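Subject: Structure for your review

Dear colleague,

Please find below the structure that I am handing over to you. I should be grateful if you would look through it before reading the notes that come after it.

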Amino acid sequence: MAVHAHPDDESSKGAATMARYVAEGVEVLVVTCTGGERGSILNPAMDRPEVLANIGTVRNEEMARAREILGVEQRWLGFVDSGFPEGDPLPPLPEGCFALEPLEAASEPLVRAVREFRPHVMLTYDERGGYPHPDHVKCHEVSVEAFEAAGDPDRYPGAGEPWQPLKLYYHMTFTKDRMLALHAAMEERGLESPYVDWIKRLDERPQEWEVTTRVPCAGFFETRDQALLAHATQIDPNGFWFAVPLDVQREAWPTEDYHLARSLVDTELPEDDLFAGVREKVSL
């Protein structure tokens with residue numbers, strides 16, 4: 001189970017990993033906390049009045065295409081996008097948005113989803129949300145709460161029969177090592193690197209979590225990109241996501257990376273499989 005804040009997050013974080021496991025016969029569920037109703041249109045070709053006026057519906061349709069490409073199941077939690085506050089001072093978050101929901105109210109539908117789907121492994125964001133969007137931070141909070149509470153019959157008693165996931169991971173998408181490797185690979189080939197400015201800012205935000213798990217999934221990078229392109233309001237086909245050619249990515253960094261935050265099974269670090277330790281304990 002991969003828990004994400006908005007439609008498109010599942011395609012920009014861990015999509016090749018999910019596609020690989022789907023191809024291996026693993027059941028994968030993407031849980032999307034909000035509808036992305038307050039997301040900006042980031043693709044100039046989609047910045048049209050009729051799209052903006054129906055952004056919630058459009059993003060729902062984009063999600064449907066992306067989940068079909070990835071081969072995953074998908075479930076909406078039904079919360080309202082909080083938007084990304086900007087300015088100094090920051091404006092207050094809008095009333096009724098996901099980030100302002102009390103923890104138990106926000107977590108109950110995810111606990112219910114965990115108990116119904118019964119995942120062995122969960123994926124989510126770190127404490128900072130991967131980046132400081134209030135919905136990403138809230139997504140982390142509800143994911144940890146659901147991981148810890150879903151197996152306890154005394155908690156959320158009306159949300160189904162208890163089920164305890166065995167491992168919880170944080171996405172480690174934009175790590176220093178990965179950016180430096182891709183940057184070097186582009187420069188070696190005489191290509192323009194999209195990471196020049198990122199690398200200049202690396203010291204401003206030290207990497208808090210170590211990478212414990214690198215999942216080989218280079219064969220599914222193209223599937224990931226197709227899923228990204230399905231989110232046409234959010235992804236510019238001429239933009240950052242596609243600046244590094246696939247052959248360069250496959251050679252320089254053929255994995256998607258994670259931090260093992262919780263584990264109820266024995267596993268030896270570093271790992272190359274999200275199900276390390278799980279496969280020995282249960283029959284998948």
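The notes below go from the overall fold to the cores, the aromatic rings and the charged side chains.

Please bear in mind throughout that this is a predicted model.

**Overall fold**

The protein contains eleven helices and seven strands. Its radius of gyration is 19 Å, close to the 19 Å that the globule rule gives for 284 residues, so the protein is as compact as a globular protein of that length. Measured out along the principal axes, the C-alpha trace spans about 60 × 45 × 35 Å. Of the 284 residues, 51% count as buried. Contacts between residues at least 6 apart in sequence are mostly long in range: 79% of them join residues at least 24 apart.

**Nonpolar cores**

In soluble globular proteins, nonpolar side chains tend to be buried together. Here the largest nonpolar core has 29 residues, and those that touch the most other members are M1, V3, V31, L110, V114 and M122. The elements giving two or more residues to this core are β2 (29-34), β3 (73-79), α5, α6 and β5. M1 may serve as an entry point for inspection: leaving out residues up to four places away in sequence, M1 touches L29, V31, L110, A113, V114, F117, P119, V121, M122 and L123. There is also a second, separate core of 25 residues, which includes M18, A19, V30 and V215.

**Aromatic rings**

A pair of aromatic rings is described by the distance of the centres and the angle of the planes. The count for this protein comes to twelve aromatic pairs. In one of them, the ring centres of Y21 and F275 are 5.2 Å apart and the planes stand at 80°; an angle over 60 degrees counts as edge-to-face, so this pair is edge-to-face. The two residues come from distant parts of the chain, 254 residues apart: Y21 is in helix α2 (residues 15-23), while F275 is in the loop between β7 (255-263) and α11 (278-281). Both partners fall under the 20% cut-off for burial: Y21 counts as buried because its relative accessibility is 3%, and F275 counts as buried because its relative accessibility is 8%.

Another pair, F174 and F240, is tilted, with 6.3 Å from centre to centre and 50° between the planes. This pair also links distant parts of the chain, 66 residues apart. F174 is in the loop between β5 (167-171) and α7 (176-188), and F240 is in the loop between α9 (221-230) and α10 (246-252). F174 is partly exposed, at 32% relative accessibility, and F240 is likewise partly exposed, at 28%. F174 and F240 belong to one aromatic cluster together with Y195, W198 and W241.

**Charged side chains**

Two arginines are placed over aromatic rings. R20 lies over the face of Y21, at 4.9 Å from the ring centre, and R224 lies over the face of F221, at 4.5 Å from the ring centre. R224 is in helix α9 and counts as buried, at 8% relative accessibility. Beyond its neighbours within four places in sequence, R224 is in contact with S11, A15, A16, L246, Q249 and E256.

The salt bridges number 14. R20 takes part in one of them, meeting the side chain of E24 at 2.9 Å, N to O. R20 is buried, with a relative accessible area of 14%, whereas E24 is partly exposed, at 46%.

A further salt bridge joins E108 and R112, whose closest N and O atoms are 2.7 Å apart. Both residues lie in helix α5 (residues 103-117), four residues apart, which is about one turn of the helix. E108 is partly exposed, with a relative accessible area of 25%, and R112 is partly exposed, at 27%.

The side chains of E145 and R155 also meet in a salt bridge, at 2.5 Å, N to O. E145 lies in helix α6 (residues 134-149) and R155 in the loop between α6 and β5, so the pair ties together parts that are ten residues apart in sequence. E145 is buried, with a relative accessible area of 10%, while R155 counts as partly exposed, at 27%.

With kind regards

Notes: Residues are numbered from 1 along each chain as its sequence is written. This is a predicted model: local features need pLDDT of at least 70, side-chain atom pairs count only at pLDDT 80 or more; totals for chains, interfaces and linings use all residues. Side-chain values use heavy atoms; hydrogens and water are left out. Rings of Phe, Tyr and Trp (its six-membered ring) pair if their centres lie within 6.5 Å; planes under 30 degrees apart count as stacked, over 60 as edge-to-face and the rest as tilted. Buried means under 20% relative accessible area, exposed over 50%, partly exposed in between (1.4 Å probe, protein chains only). A charge sits over a ring if NZ of Lys or CZ of Arg is within 6 Å of the ring centre and within 35 degrees of the ring normal. A salt bridge is a side-chain nitrogen of Lys or Arg within 4 Å of a carboxyl oxygen of Asp or Glu. Contact means heavy atoms within 4.5 Å. A nonpolar core is a set of buried Ala, Val, Leu, Ile, Met, Phe, Trp, Tyr and Cys residues joined through side-chain atoms within 4.5 Å. The radius of gyration is taken over C-alpha atoms; the globule rule is 2.2 Å times the number of residues to the power 0.38.
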